[in-house]
Amino acid sequence: MNVGIIGATGYGGNELYRLLTKHPKVEKCILYTSSEDGKAYRESYPHLTGISDEFLVSIDSASIDKEVDVLFMASPPGAAAEILPQINLDQIKVIDLSGDLRLKDSALYEKWYKRKAADQKIVDSAVYGLSELNKPSIMNASILSNPGCFPTASILGLAPAVSNDLINESSIIIDAKTGVSGAGRKAGIGVHYSEINENLKIYKVNGHQHIPEIEQALHLMNENISAITFQTHLVPMTRGIMATIYADAKGEMSSEELLAYYQAFYRDSYFVRVRPLGEFPSTKEVYGSNFCDIGLSYDERTGRVTIVSVIDNLMKGAAGQAVQNFNMMNGFEETMGLEITPQYP
Ligand SMILES: NC(=O)C1=CN([C@@H]2O[C@H](COP(=O)(O)OP(=O)(O)OC[C@H]3O[C@@H](n4cnc5c(N)ncnc54)[C@H](OP(=O)(O)O)[C@@H]3O)[C@@H](O)[C@H]2O)C=CC1
Ligand SMILES: CC(=O)N[C@@H](CCC(=O)OP(=O)(O)O)C(=O)O
(Lines give C-alpha, C1' and ligand atoms only; values in the text may rest on other atoms or scores of the structure.)
(Ligands and ions follow the chains in the order given, each with its own letter.)
Protein backbone atom coordinates (compact mmCIF):
# COMPACT_ATOMS: atom_id res chain seq x y z
CA MET A 1 0.00 0.00 0.00
CA ASN A 2 1.27 3.49 -0.87
CA VAL A 3 0.69 6.29 1.60
CA GLY A 4 1.34 10.02 1.52
CA ILE A 5 1.92 12.53 4.30
CA ILE A 6 1.08 16.21 3.89
CA GLY A 7 2.94 18.14 6.61
CA ALA A 8 5.73 15.54 6.94
CA THR A 9 8.15 18.22 8.13
CA GLY A 10 6.04 18.90 11.21
CA TYR A 11 6.07 16.93 14.46
CA GLY A 12 2.86 15.03 13.73
CA GLY A 13 4.06 14.24 10.20
CA ASN A 14 7.44 13.07 11.46
CA GLU A 15 5.78 10.75 13.96
CA LEU A 16 3.64 9.37 11.12
CA TYR A 17 6.83 8.79 9.13
CA ARG A 18 8.34 6.85 12.06
CA LEU A 19 5.30 4.59 12.28
CA LEU A 20 4.38 4.19 8.62
CA THR A 21 7.88 3.37 7.33
CA LYS A 22 7.93 0.40 9.75
CA HIS A 23 4.34 -0.64 9.05
CA PRO A 24 4.16 -4.15 7.52
CA LYS A 25 1.51 -3.13 4.94
CA VAL A 26 3.16 0.10 3.75
CA GLU A 27 5.38 -0.19 0.68
CA LYS A 28 5.99 3.46 -0.11
CA CYS A 29 5.63 6.66 1.86
CA ILE A 30 5.50 9.90 -0.17
CA LEU A 31 6.33 13.06 1.76
CA TYR A 32 4.52 16.18 0.56
CA THR A 33 5.47 19.75 1.33
CA SER A 34 3.88 23.14 0.80
CA SER A 35 7.19 25.00 1.11
CA GLU A 36 10.30 22.85 0.63
CA ASP A 37 9.95 21.00 -2.67
CA GLY A 38 13.05 18.95 -3.60
CA LYS A 39 14.70 19.07 -0.18
CA ALA A 40 16.00 15.85 1.35
CA TYR A 41 13.76 14.91 4.29
CA ARG A 42 16.87 14.06 6.31
CA GLU A 43 17.82 17.75 6.21
CA SER A 44 14.70 18.57 8.25
CA TYR A 45 15.37 15.71 10.63
CA PRO A 46 19.07 14.75 10.97
CA HIS A 47 18.13 11.94 13.38
CA LEU A 48 17.00 10.14 10.20
CA THR A 49 20.55 10.01 8.78
CA GLY A 50 21.05 6.57 7.23
CA ILE A 51 17.34 5.87 7.62
CA SER A 52 15.58 8.27 5.24
CA ASP A 53 16.48 8.68 1.58
CA GLU A 54 13.21 10.43 0.68
CA PHE A 55 12.92 13.86 -0.88
CA LEU A 56 10.03 16.22 -0.21
CA VAL A 57 7.67 16.70 -3.14
CA SER A 58 5.22 19.52 -3.71
CA ILE A 59 1.52 18.95 -3.23
CA ASP A 60 -0.14 18.44 -6.61
CA SER A 61 -3.82 17.89 -5.82
CA ALA A 62 -4.54 16.68 -9.35
CA SER A 63 -2.14 13.73 -9.16
CA ILE A 64 -2.27 12.66 -5.50
CA ASP A 65 -5.03 10.13 -6.17
CA LYS A 66 -2.71 8.34 -8.63
CA GLU A 67 0.22 8.32 -6.20
CA VAL A 68 -1.24 7.10 -2.91
CA ASP A 69 -3.91 4.78 -1.56
CA VAL A 70 -4.19 6.64 1.74
CA LEU A 71 -3.36 10.31 2.35
CA PHE A 72 -2.49 11.50 5.86
CA MET A 73 -2.83 15.24 6.44
CA ALA A 74 -0.72 16.52 9.35
CA SER A 75 -1.12 20.14 8.32
CA PRO A 76 -2.41 23.19 10.21
CA PRO A 77 -6.11 24.01 10.48
CA GLY A 78 -7.41 25.34 7.17
CA ALA A 79 -5.18 23.19 4.93
CA ALA A 80 -7.55 20.21 4.69
CA ALA A 81 -10.48 22.56 4.05
CA GLU A 82 -8.55 24.08 1.16
CA ILE A 83 -6.85 21.01 -0.34
CA LEU A 84 -9.47 18.24 -0.06
CA PRO A 85 -12.00 19.75 -2.53
CA GLN A 86 -9.25 19.67 -5.19
CA ILE A 87 -8.53 15.93 -4.77
CA ASN A 88 -10.43 13.07 -6.39
CA LEU A 89 -11.74 11.61 -3.13
CA ASP A 90 -13.41 8.63 -4.84
CA GLN A 91 -9.99 7.11 -5.45
CA ILE A 92 -8.24 7.41 -2.09
CA LYS A 93 -8.82 7.35 1.65
CA VAL A 94 -7.94 10.39 3.74
CA ILE A 95 -7.00 10.73 7.41
CA ASP A 96 -6.87 14.35 8.57
CA LEU A 97 -5.13 15.15 11.87
CA SER A 98 -6.28 18.76 12.06
CA GLY A 99 -9.48 20.13 13.55
CA ASP A 100 -10.96 20.92 10.11
CA LEU A 101 -13.38 17.99 9.87
CA ARG A 102 -14.13 17.26 13.52
CA LEU A 103 -17.04 19.61 14.25
CA LYS A 104 -20.23 18.72 12.39
CA ASP A 105 -21.65 22.20 12.99
CA SER A 106 -19.72 24.59 10.74
CA ALA A 107 -20.84 27.62 12.75
CA LEU A 108 -19.17 26.08 15.81
CA TYR A 109 -15.95 25.52 13.83
CA GLU A 110 -15.92 29.12 12.62
CA LYS A 111 -16.56 30.41 16.14
CA TRP A 112 -13.83 28.37 17.88
CA TYR A 113 -11.20 28.11 15.11
CA LYS A 114 -11.86 31.65 13.83
CA ARG A 115 -11.57 30.60 10.20
CA LYS A 116 -13.85 29.47 7.40
CA ALA A 117 -15.21 25.95 7.77
CA ALA A 118 -14.57 23.18 5.24
CA ASP A 119 -17.13 22.21 2.61
CA GLN A 120 -20.14 20.81 4.52
CA LYS A 121 -20.37 17.74 2.24
CA ILE A 122 -16.81 16.74 3.16
CA VAL A 123 -17.43 17.44 6.86
CA ASP A 124 -20.61 15.33 6.74
CA SER A 125 -18.83 12.41 5.12
CA ALA A 126 -15.92 12.46 7.59
CA VAL A 127 -16.03 9.86 10.38
CA TYR A 128 -14.77 10.96 13.80
CA GLY A 129 -11.91 8.61 14.59
CA LEU A 130 -11.86 8.06 18.36
CA SER A 131 -10.74 4.50 17.66
CA GLU A 132 -12.12 2.74 20.74
CA LEU A 133 -15.57 4.34 20.57
CA ASN A 134 -16.47 4.36 16.91
CA LYS A 135 -15.14 1.13 15.44
CA PRO A 136 -17.91 0.11 12.99
CA SER A 137 -18.02 3.56 11.37
CA ILE A 138 -14.23 3.81 11.24
CA MET A 139 -13.99 0.44 9.49
CA ASN A 140 -16.20 1.81 6.70
CA ALA A 141 -14.72 5.30 6.59
CA SER A 142 -13.17 6.79 3.50
CA ILE A 143 -12.54 10.23 5.02
CA LEU A 144 -11.49 10.12 8.65
CA SER A 145 -11.17 13.00 11.06
CA ASN A 146 -8.57 12.16 13.67
CA PRO A 147 -9.45 13.51 17.12
CA GLY A 148 -7.56 16.27 18.90
CA CYS A 149 -4.97 15.35 21.50
CA PHE A 150 -6.82 16.77 24.53
CA PRO A 151 -10.18 15.37 23.35
CA THR A 152 -8.64 11.89 23.02
CA ALA A 153 -7.44 11.87 26.64
CA SER A 154 -10.60 13.56 27.94
CA ILE A 155 -13.22 11.56 26.05
CA LEU A 156 -11.55 8.20 26.78
CA GLY A 157 -11.35 9.24 30.44
CA LEU A 158 -15.05 10.13 30.58
CA ALA A 159 -16.72 7.65 28.22
CA PRO A 160 -17.46 4.82 30.71
CA ALA A 161 -18.84 7.24 33.33
CA VAL A 162 -20.92 9.24 30.84
CA SER A 163 -22.33 6.35 28.85
CA ASN A 164 -23.30 4.49 32.04
CA ASP A 165 -24.95 7.63 33.43
CA LEU A 166 -22.75 7.67 36.53
CA ILE A 167 -22.03 11.39 36.79
CA ASN A 168 -23.95 14.63 36.99
CA GLU A 169 -23.93 16.05 33.45
CA SER A 170 -23.37 19.68 34.42
CA SER A 171 -20.57 19.00 36.90
CA ILE A 172 -17.75 17.92 34.55
CA ILE A 173 -14.41 19.71 34.96
CA ILE A 174 -11.36 18.72 32.90
CA ASP A 175 -8.04 20.11 34.08
CA ALA A 176 -5.51 19.27 31.37
CA LYS A 177 -1.73 19.64 31.01
CA THR A 178 0.36 19.22 27.89
CA GLY A 179 3.96 19.02 26.77
CA VAL A 180 5.26 21.63 24.35
CA SER A 181 5.38 19.43 21.21
CA GLY A 182 1.58 19.81 21.19
CA ALA A 183 2.16 23.25 19.71
CA GLY A 184 4.02 21.84 16.68
CA ARG A 185 7.53 22.51 15.41
CA LYS A 186 7.18 26.10 14.32
CA ALA A 187 8.95 28.66 16.50
CA GLY A 188 7.00 31.19 18.52
CA ILE A 189 7.16 33.23 21.68
CA GLY A 190 4.79 30.84 23.44
CA VAL A 191 7.15 27.89 23.02
CA HIS A 192 10.47 29.70 23.56
CA TYR A 193 12.70 27.82 26.07
CA SER A 194 12.89 30.73 28.51
CA GLU A 195 9.11 31.07 28.49
CA ILE A 196 8.49 27.39 29.15
CA ASN A 197 11.36 26.16 31.31
CA GLU A 198 10.70 26.26 35.08
CA ASN A 199 7.26 27.60 34.32
CA LEU A 200 3.66 26.41 34.41
CA LYS A 201 1.22 28.35 32.24
CA ILE A 202 -2.52 28.21 31.84
CA TYR A 203 -3.64 29.22 28.36
CA LYS A 204 -6.80 29.70 26.22
CA VAL A 205 -8.87 29.94 29.43
CA ASN A 206 -12.52 29.07 28.64
CA GLY A 207 -11.62 29.50 24.97
CA HIS A 208 -9.82 26.35 23.85
CA GLN A 209 -10.89 25.05 20.42
CA HIS A 210 -11.15 21.51 21.80
CA ILE A 211 -14.11 22.42 24.07
CA PRO A 212 -16.80 21.97 21.36
CA GLU A 213 -15.13 18.74 20.15
CA ILE A 214 -15.28 17.19 23.63
CA GLU A 215 -18.87 18.40 24.13
CA GLN A 216 -19.93 17.03 20.74
CA ALA A 217 -18.55 13.55 21.55
CA LEU A 218 -19.96 13.43 25.09
CA HIS A 219 -23.36 14.67 23.91
CA LEU A 220 -23.58 11.73 21.50
CA MET A 221 -23.12 9.39 24.49
CA ASN A 222 -25.51 11.27 26.77
CA GLU A 223 -27.77 13.96 25.35
CA ASN A 224 -28.07 15.72 28.71
CA ILE A 225 -24.45 16.84 28.44
CA SER A 226 -24.07 20.33 27.06
CA ALA A 227 -21.37 22.55 28.57
CA ILE A 228 -18.21 21.34 30.27
CA THR A 229 -15.38 23.22 31.94
CA PHE A 230 -12.05 22.53 30.22
CA GLN A 231 -8.72 24.25 30.95
CA THR A 232 -5.27 23.67 29.48
CA HIS A 233 -1.79 24.17 30.95
CA LEU A 234 1.62 24.10 29.32
CA VAL A 235 4.22 22.02 31.20
CA PRO A 236 8.01 22.10 30.64
CA MET A 237 8.19 18.66 29.02
CA THR A 238 8.37 17.53 25.41
CA ARG A 239 5.58 14.97 25.08
CA GLY A 240 2.57 13.97 27.11
CA ILE A 241 -0.91 14.98 28.15
CA MET A 242 -2.59 14.46 31.50
CA ALA A 243 -6.29 15.18 31.82
CA THR A 244 -7.45 15.22 35.44
CA ILE A 245 -11.23 15.02 35.39
CA TYR A 246 -13.64 15.83 38.23
CA ALA A 247 -17.40 15.23 38.34
CA ASP A 248 -20.17 14.67 40.89
CA ALA A 249 -21.34 11.06 41.13
CA LYS A 250 -25.07 10.61 40.52
CA GLY A 251 -25.88 8.15 43.27
CA GLU A 252 -24.32 5.71 45.67
CA MET A 253 -20.85 4.85 44.41
CA SER A 254 -17.54 3.33 45.47
CA SER A 255 -14.13 3.29 43.84
CA GLU A 256 -14.49 -0.47 43.33
CA GLU A 257 -17.78 -0.02 41.50
CA LEU A 258 -16.38 2.79 39.33
CA LEU A 259 -13.37 0.66 38.46
CA ALA A 260 -15.61 -2.26 37.46
CA TYR A 261 -17.46 -0.03 34.96
CA TYR A 262 -14.16 1.13 33.43
CA GLN A 263 -12.71 -2.37 33.25
CA ALA A 264 -15.86 -3.67 31.54
CA PHE A 265 -15.99 -0.75 29.09
CA TYR A 266 -12.37 -1.20 27.96
CA ARG A 267 -12.20 -5.00 28.26
CA ASP A 268 -11.45 -5.41 24.53
CA SER A 269 -9.41 -2.22 24.03
CA TYR A 270 -5.72 -3.08 23.84
CA PHE A 271 -4.61 0.54 23.89
CA VAL A 272 -6.59 1.64 26.95
CA ARG A 273 -5.07 0.38 30.19
CA VAL A 274 -7.21 0.87 33.28
CA ARG A 275 -5.01 0.90 36.37
CA PRO A 276 -5.79 -0.91 39.64
CA LEU A 277 -7.23 1.19 42.47
CA GLY A 278 -4.68 3.37 44.20
CA GLU A 279 -2.47 3.59 41.10
CA PHE A 280 -2.47 6.69 38.92
CA PRO A 281 -0.61 6.88 35.59
CA SER A 282 2.03 9.46 34.76
CA THR A 283 2.79 10.76 31.27
CA LYS A 284 6.17 9.03 31.17
CA GLU A 285 4.44 5.66 31.48
CA VAL A 286 2.95 6.06 27.98
CA TYR A 287 5.83 8.03 26.38
CA GLY A 288 6.32 7.12 22.70
CA SER A 289 3.47 4.58 22.78
CA ASN A 290 -0.14 4.48 21.64
CA PHE A 291 -1.53 3.73 25.11
CA CYS A 292 -4.06 5.76 27.03
CA ASP A 293 -3.74 4.93 30.73
CA ILE A 294 -6.53 5.69 33.17
CA GLY A 295 -6.57 5.83 36.98
CA LEU A 296 -9.61 6.66 39.09
CA SER A 297 -11.01 7.21 42.55
CA TYR A 298 -14.33 8.06 44.21
CA ASP A 299 -14.15 10.46 47.15
CA GLU A 300 -16.79 9.53 49.73
CA ARG A 301 -16.35 12.87 51.53
CA THR A 302 -17.32 15.03 48.53
CA GLY A 303 -19.29 12.54 46.42
CA ARG A 304 -17.00 13.33 43.48
CA VAL A 305 -15.06 11.10 41.12
CA THR A 306 -11.51 11.86 40.01
CA ILE A 307 -10.34 10.30 36.75
CA VAL A 308 -6.78 10.68 35.45
CA SER A 309 -6.16 9.97 31.77
CA VAL A 310 -2.72 10.18 30.15
CA ILE A 311 -1.51 9.87 26.56
CA ASP A 312 1.49 10.77 24.42
CA ASN A 313 0.11 13.71 22.40
CA LEU A 314 2.04 12.75 19.26
CA MET A 315 1.05 9.08 19.47
CA LYS A 316 -2.45 8.32 20.81
CA GLY A 317 -3.10 12.07 20.52
CA ALA A 318 -2.13 12.25 16.83
CA ALA A 319 -0.04 9.89 14.65
CA GLY A 320 -0.52 6.69 16.70
CA GLN A 321 -4.29 6.96 16.68
CA ALA A 322 -4.17 7.91 12.97
CA VAL A 323 -2.34 4.63 12.24
CA GLN A 324 -4.77 2.72 14.49
CA ASN A 325 -7.58 4.17 12.36
CA PHE A 326 -5.64 3.44 9.15
CA ASN A 327 -5.49 -0.20 10.27
CA MET A 328 -9.21 -0.39 10.94
CA MET A 329 -10.13 1.41 7.70
CA ASN A 330 -8.12 -1.10 5.70
CA GLY A 331 -9.08 -4.30 7.51
CA PHE A 332 -5.68 -4.78 9.19
CA GLU A 333 -5.14 -5.79 12.82
CA GLU A 334 -5.87 -2.68 14.91
CA THR A 335 -2.50 -2.93 16.65
CA MET A 336 -0.40 -3.45 13.51
CA GLY A 337 2.77 -1.34 13.60
CA LEU A 338 1.79 0.07 16.98
CA GLU A 339 2.86 -2.53 19.52
CA ILE A 340 5.48 -0.21 20.95
CA THR A 341 6.54 -0.43 24.58
CA PRO A 342 6.61 3.03 26.20
CA GLN A 343 10.10 4.48 26.45
CA TYR A 344 11.06 4.65 30.14
CA PRO A 345 12.46 6.56 31.97
N1 LIG B 1 1.45 18.28 17.80
C2 LIG B 1 0.48 17.57 18.35
O3 LIG B 1 0.65 17.01 19.45
C4 LIG B 1 -0.84 17.42 17.66
C5 LIG B 1 -1.16 18.06 16.48
N6 LIG B 1 -2.40 17.92 15.90
C7 LIG B 1 -2.74 18.58 14.66
O8 LIG B 1 -1.96 18.01 13.61
C9 LIG B 1 -1.62 18.99 12.66
C10 LIG B 1 -0.09 19.05 12.54
O11 LIG B 1 0.43 19.46 13.79
P12 LIG B 1 1.99 19.55 14.08
O13 LIG B 1 2.69 18.46 13.36
O14 LIG B 1 2.13 19.66 15.54
O15 LIG B 1 2.32 20.95 13.39
P16 LIG B 1 3.73 21.48 12.81
O17 LIG B 1 3.61 22.95 12.84
O18 LIG B 1 4.85 20.81 13.50
O19 LIG B 1 3.71 20.97 11.28
C20 LIG B 1 2.73 21.31 10.36
C21 LIG B 1 3.29 21.11 8.96
O22 LIG B 1 2.25 21.45 8.03
C23 LIG B 1 2.84 21.94 6.82
N24 LIG B 1 2.05 23.06 6.33
C25 LIG B 1 2.07 24.36 6.75
N26 LIG B 1 1.17 25.09 6.07
C27 LIG B 1 0.58 24.25 5.19
C28 LIG B 1 -0.42 24.41 4.19
N29 LIG B 1 -1.01 25.59 3.98
N30 LIG B 1 -0.78 23.34 3.46
C31 LIG B 1 -0.21 22.14 3.67
N32 LIG B 1 0.76 21.91 4.59
C33 LIG B 1 1.13 22.96 5.34
C34 LIG B 1 4.27 22.38 7.16
O35 LIG B 1 5.15 21.63 6.35
P36 LIG B 1 5.63 22.17 4.90
O37 LIG B 1 6.01 23.61 5.09
O38 LIG B 1 6.77 21.27 4.57
O39 LIG B 1 4.43 22.00 4.01
C40 LIG B 1 4.46 21.99 8.62
O41 LIG B 1 5.68 21.31 8.85
C42 LIG B 1 -2.23 20.30 13.15
O43 LIG B 1 -3.47 20.51 12.54
C44 LIG B 1 -2.38 20.07 14.63
O45 LIG B 1 -3.38 20.86 15.16
C46 LIG B 1 -3.33 17.09 16.44
C47 LIG B 1 -3.08 16.41 17.60
C48 LIG B 1 -1.84 16.55 18.32
C1 LIG C 1 0.68 23.03 23.42
C2 LIG C 1 -0.37 23.46 22.44
O3 LIG C 1 -0.42 24.58 22.02
N4 LIG C 1 -1.21 22.51 22.04
C5 LIG C 1 -2.25 22.77 21.09
C6 LIG C 1 -2.86 21.46 20.68
C7 LIG C 1 -4.00 21.63 19.71
C8 LIG C 1 -3.82 21.03 18.39
O9 LIG C 1 -3.02 20.19 18.16
O10 LIG C 1 -4.64 21.51 17.39
P11 LIG C 1 -5.99 20.93 16.86
O12 LIG C 1 -7.03 21.93 17.21
O13 LIG C 1 -5.86 20.75 15.41
O14 LIG C 1 -6.22 19.62 17.54
C15 LIG C 1 -3.32 23.70 21.68
O16 LIG C 1 -3.57 23.62 22.88
O17 LIG C 1 -3.97 24.43 20.91
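Q: From which domains does the shell around ligand 2 draw at least three residues each?
A: This is a predicted model, in which local features need pLDDT of at least 70, side-chain atom pairs count only at pLDDT 80 or more, and totals for chains, interfaces and linings use all residues. Residues are numbered from 1 along each chain as its sequence is written, while chains are lettered from A and ligands numbered from 1 in the order in which they are written. A residue belongs to the shell if its C-beta atom, placed from the backbone, lies within 6 Å of the molecule; domain bounds come from an automatic or database domain assignment. For ligand 2 the domains are domain 1 (2-128) and domain 2 (150-313).

Q: How many residues of each class make up the shell around ligand 2?
A: Ala, Val, Leu, Ile, Met, Phe, Trp, Tyr, Cys and Pro count as nonpolar, Asp, Glu, Lys and Arg as charged, and the others, Gly among them, as polar. The shell includes Pro 77, Ser 98 and Cys 149. The counts are four nonpolar, seven polar and no charged residues.

Q: Where does ligand 1 lie with respect to the domains?
A: Ligand 1 is surrounded by 29 residues, and Gly 7, Gly 10, Gly 12, Ser 98 and Gly 184 are the closest. Both domains give residues to this shell, so ligand 1 lies between domain 1 (2-128) and domain 2 (150-313).

Q: How do the residues of the shell around ligand 1 divide by class?
A: Among the closest residues to ligand 1 are Gly 7 and Ser 98. The shell divides into 10 nonpolar, 16 polar and three charged residues.
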